[in-house]
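Hi everyone, thanks for making time for this. I'd like to walk you through one structure today, so please have a look at it while I talk.

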Amino acid sequence: MPCNKLILFLSLFWICFTGASGKNAADSLMEQLDEVIDRREEYLRQKEAGLSLLRDRNLNARDDRERFESLRQLYDEYYSFNTDSAYNISLRQEVIARRTGDRTLLTHARMNRASIFVATGMYHECLALMDSVRLEELPDYLQAYYFHIKRTVYGRMSDYAAFPSAKSEYFNLTNAYRDSIIRANAPGSLPHVITKADYLNVNGAPREAILLLKAFMADNDLSEHEIAICAWTLSEAYEKTGERDLQKENLLISAISDLKSSVREYISLRQLAKMLYEEGDLDRAYRFLTIAVEDAAKCNARQRIIELNDTYPMINGIYVDTVRDQKKALERNIVIIAVMAFVLVILLFLMWRQMGKIARARKEVEEAYLRQNRLTDELRASNEKLTEANDAVAEISELKEVYIGRYMDQCLNYIDKLDTYRKTVGKLVNTGKTGELKTFLKSSAIVDSELKAFYDQFDKTFLKLFPTFVGDFNRLLLPEEAIIPKKEGTLNAELRIYALIRLGITDTDKIAKFLRYSLTTIYNYRTKVRNKVKGDRNALEAEVMKIGKARSNGKT
């Protein structure tokens, strides 16, 4: 499928899709036109690049005929782009044609100049030049060109004739040359179809023109400029059928193609601007008309400038009035905004002051909160100390209770033993057994027995108070250095030393007297045990003092 056919197919699909989604085709085409206008400089660069290639081709032409042909192509490109350049090219063609002595080339060059005269509104000069051309001497392709120029000049004269009789005369001549164009061009060619559609429009058959043009556009791969011409003629047909939406869509298509091909002599954008003005879209109408005026001026298409002069002042005046009204509204809005800004500044100032007060209050609250936290921490520390003191008191009280009971039992036991000892001594004295008495008094068996009983009683009492002491103490030592008593429920010398430390007796001299060991022995035991500790040796006694605390706390 040719490229432009594909584009046309996709455009029709997009129109159907946007119609189904609530967005009409004109809106989509308007967006495309806005985008094309934004990219005008890009299309202009492409146009200039193409012109540059044609100029290079002309410079590199091998002979005058090839040079004339390259100038013809340049003329076609410049005709709707810059009439001054096109006019100068026609003069250069005439010089080349005279140099070759070819009358056909000379006539072609002169007809090109006549066509420029039409575009610039020089109708008299155009007709004078065309009257010098002998139609019967022209080849077929120049005959069609001849009829086209004559139809165009008489059509313009008919449009601008001041009197009905002259207007009627020129109108009839236009129709006559229109018929000649149709006969001179091959059926199915663009000039034939466009001219026939124009004939149908003028003679009250726009529906037939629409069918003809749509079929032609669907069956042929057209350039952008050709699409613009066909769409423009379709818009005229839809205008006559009263289908304004379709007229607008085809004006949009024609304007898009005109701007893409970078022509400057066109009608579609001007007509579209007028339609938008009637619809109330003043911004776009003014913008499009301004572009059309600029292009017509750059092209030096005086006829289009004259046509634009009929519309531009009206739209420009209304646009200026609209801008003036908008300016007044803007001034009012500025005053309102200024007042509101002043009020806002006052409110911000009051808010700033209030936020300052809130910040100071928040700071005071934070400081009070910090003071409360410090007091809470201090109270917690005091409670912890009080708890420790209560635990210590409870522990001491428990120790006192147990040891007082044990002490009373021990005292009664010792009183009984002293009484038995007294009776035994008295009996030996009374019986005169002095030898046995001396032996009895010298023996340490009684003391050793009593010491053993005392230590056993101490072990039982201590382990009753601290039943987990042995296990807890061994957890402070290296696993391989654990101290295990020989008999369950008893303590050995090392454990008794630290049992006394747990009871608060830390003085080595007192421990030595209690256990009836020398100071050196006690020191050696303590050093030996510290060497078995897992962690810090110096913290051993402090860790020992913690043994049984959990039990005491639970009891408390």
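Let me start with a question: which side chain meets Glu94 in a salt bridge? The partner is Arg110, with N and O 3.7 Å apart. Before I go on, please keep in mind that this is a predicted model. The Glu94–Arg110 pair links distant parts of the chain, with Glu94 in helix H5, residues 83-100, and Arg110 in helix H6, residues 103-119. The two residues are 16 apart in sequence. Glu94 is buried, at 9% relative accessibility, whereas Arg110 is partly exposed, at 22%.

Now the overall picture. The protein chain has 24 helices and 0 strands. Of its 556 residues, 37% are buried. If we take contacts between residues at least 6 apart in sequence, 62% of them join residues at least 24 apart.

Back to the charges. The structure holds 33 salt bridges, and I picked a few to show you. Arg134 forms one with Glu137, where the closest N and O atoms are 3.3 Å apart. Arg134 is exposed, at 52% relative accessibility, and Glu137 is partly exposed, at 44%. Another one joins Arg475 and Asp472, at 2.2 Å from N to O. Both of these residues lie in helix H19, residues 469-475, and they sit 3 residues apart, about one turn of the helix. Here Arg475 is exposed, with a relative accessible area of 55%, while Asp472 counts as buried at 18%. There is also a network of salt bridges, which links Asp34, Asp38, Asp281, Arg284 and Arg287.

Next, a lysine that I'd like you to find for yourselves. Lys532 lies in the loop between helix H22, residues 519-530, and helix H23, residues 540-544. Which side chain of opposite charge is nearest to Lys532? That would be Glu494, 4.1 Å away. A salt bridge here needs nitrogen and oxygen within 4 Å, and Lys532 has no salt bridge although it is buried. Setting aside residues up to four places away in sequence, Lys532 touches Leu477, Leu478, Glu481, Ile483 and Glu494. Glu494 itself belongs to helix H20, residues 493-502, and is buried as well, at 9% relative accessibility. Its contacts beyond four places in sequence are Ile483, Tyr525, Lys528, Val529 and Lys532. Ile483, then, appears among the contacts of Lys532 and also among those of Glu494.

On to the aromatics. A search of the whole structure finds 18 aromatic pairs. One of them is Phe147 with Tyr177: the ring centres are 6.4 Å apart and the planes stand at 40°, so the pair is tilted. This pair, too, links distant parts of the chain, from helix H8, residues 140-160, where Phe147 sits, to helix H9, residues 164-184, where Tyr177 sits, 30 residues apart. Phe147 is buried at 11% relative accessible area, and Tyr177 is buried at 17%. Please also look at the aromatic cluster formed by Phe454, Tyr455, Phe458, Phe462, Phe466, Phe469, Phe473, Tyr498 and Phe514. And there is a charge over a ring: Arg264 lies over the face of Phe81, at 4.0 Å from the ring centre.

Let's turn to one helix in detail. Which residues of helix H7, residues 123-131, are buried? They are Tyr123, Cys126, Leu127, Leu129 and Met130. Looking down the axis of H7, these buried residues fall within an arc of 165°, so they line one face of the helix. On the other side of H7, His124 and Asp131 are exposed.

Last, two backbone details for those of you who like checking phi values. Ser262 has a positive phi, near 55°, although it is a residue other than glycine. Ser262 sits in the loop between helix H13, residues 244-260, and helix H14, residues 268-279. Arg516 is not a glycine either, and its phi is positive at about 60°. The loop that holds Arg516 runs between helix H21, residues 508-515, and H22. Is each of the two buried or exposed? Ser262 is buried, at 8% relative accessible area, whereas Arg516 is exposed, at 56%.

That's my tour, and thanks for listening!

Conventions
Residues are numbered from 1 along each chain as its sequence is written. This is a predicted model: local features need pLDDT of at least 70, side-chain atom pairs count only at pLDDT 80 or more; totals for chains, interfaces and linings use all residues. Side-chain values use heavy atoms; hydrogens and water are left out. Buried means under 20% relative accessible area, exposed over 50%, partly exposed in between (1.4 Å probe, protein chains only). Helices (H or I, at least four residues) and strands (E, at least two) are DSSP runs, numbered from the N terminus. The arc is that of the directions from the helix axis to the C-beta atoms. Lys and Arg count as positive and Asp and Glu as negative; His and the chain ends are not counted. Contact means heavy atoms within 4.5 Å. Rings of Phe, Tyr and Trp (its six-membered ring) pair if their centres lie within 6.5 Å; planes under 30 degrees apart count as stacked, over 60 as edge-to-face and the rest as tilted. A charge sits over a ring if NZ of Lys or CZ of Arg is within 6 Å of the ring centre and within 35 degrees of the ring normal.
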